[in-house]
Amino acid sequence: MTHLPLEFRDGHHFVEVQGDRWLVDTGAPSSFGTPGQVTIAGEQCSLGASYLGLDAATLSRMVGVPCVGLLGADVLGRFDHLFDVEGGRLTLSTDELAHDGQPIGLDDFLGVPIVTARIGGREHRLFFDTGAQVSYLEDDSIRTFPDAGRLSDFYPGFGPFETDTFDVPLTLGPATFTLRCGTLPDILGMTLMVAGVRGIVGNAILRGRTVGYFPRRGVMSF
């Protein structure tokens, strides 16, 4: 079991590994960084220098926080995780970790986790993306919810974009949230359809509670 310092800063979550700051991004299939490898909980992981044209320097500029790279699903998927944002700690282990919350099932696409959420009486499959500062819903019903203003965001391989956002009530298993949700540019929205998902649940669901994330078992726990 390994405990890493977990920092929430400028809408994103970062962990410190051996003195280096990394963005935690379950929504990215591949990790990358300026170090050619990273060792976590005894697991040595080899990394590329970039992903979809995004490298550490560009990532740091986009998120507004200096970091050496991104830990994506290929690395994060090796471990059980306990996210404790308020306590400033991410616990990881290659053994099974316990969490006393209610479990919900996870699917995945290319290693990126998918949750089933209930919105407005309907169920939607959504990517769980800790790298997303807001959530996204590719459904016309989004405009029936309260306006939450316009937002600037970015997406790897696409770049920066702007979107109108709305406050959307959403239920995941036993937990209910009101998430700020936008809509993706058309070409990005269409890529979600390939995976059979209707949007993205961002990292806001990690705050205010300890969350268990167990990708090897296909389970989250709130």
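Me: Buried means under 20% relative accessible area, exposed means over 50%, and partly exposed is what lies in between. Bearing in mind that this is a predicted model, how does Asp 164 count at 30% relative accessibility?

Reply: The cut-offs for buried and exposed are under 20% and over 50%. Asp 164 has a relative accessibility of 30%, so it counts as partly exposed.

Me: Which residue forms a salt bridge with Asp 164?

Reply: The closest N and O atoms of this pair are 4.0 Å apart. Asp 164 lies in strand E18 and its partner in the loop between strands E16 and E17, so the bridge ties together parts 21 residues apart in sequence. That partner is exposed, at 52% relative accessible area. The residue you're after is Arg 143.

Me: Okay, and how far apart are the closest N and O atoms of Glu 162 and Arg 150?

Reply: These two form a salt bridge. Glu 162 is in strand E18 and Arg 150 in strand E17, so the pair ties together parts twelve residues apart in sequence. Both ends are partly exposed, Glu 162 at 48% and Arg 150 at 49%. Their closest N and O atoms are apart by 3.2 Å.

Me: How many residues apart are Glu 96 and Arg 217?

Reply: Glu 96 and Arg 217 form a salt bridge, with 3.7 Å between the closest N and O atoms. The pair links distant parts of the chain: Glu 96 sits in the loop between strands E11 and E12, Arg 217 in the loop between strands E21 and E22, and the separation is 121 residues.

Me: Which residues are linked in a network of salt bridges with Glu 96?

Reply: Glu 96 is exposed at 60% relative accessible area, while Arg 217 is partly exposed at 34%. Arg 217 belongs to the network along with two further names, so to speak: the residues linked with Glu 96 are Asp 80, Arg 216 and Arg 217.

Me: Switching to helix H3, within what arc do its buried residues fall?

Reply: The buried residues of H3 (residues 186–194) are Leu 188, Gly 189 and Leu 192. Seen down the helix axis, they line one face, because they fall within an arc of 100°.

Me: And which strands do the buried residues of H3 pack against?

Reply: On the face turned away from the buried side, H3 carries exposed residues, including Ile 187 and Met 190. The buried residues, Leu 188, Gly 189 and Leu 192, pack against strands E15, E17, E18 and E20.

Technical notes. Residues numbered from 1 in each chain as written. Predicted model: local features only at pLDDT ≥ 70, side-chain atom pairs only at ≥ 80, totals over all residues. Heavy atoms only, no water. Salt bridge = Lys/Arg side-chain N within 4 Å of Asp/Glu carboxyl O. Helix = DSSP H or I, 4+ residues; strand = E, 2+ residues; numbered from the N terminus. Buried < 20%, exposed > 50% of the residue type's maximum accessible area, 1.4 Å probe, protein only. Arc of directions from axis to C-beta. Contact = heavy atoms within 4.5 Å.
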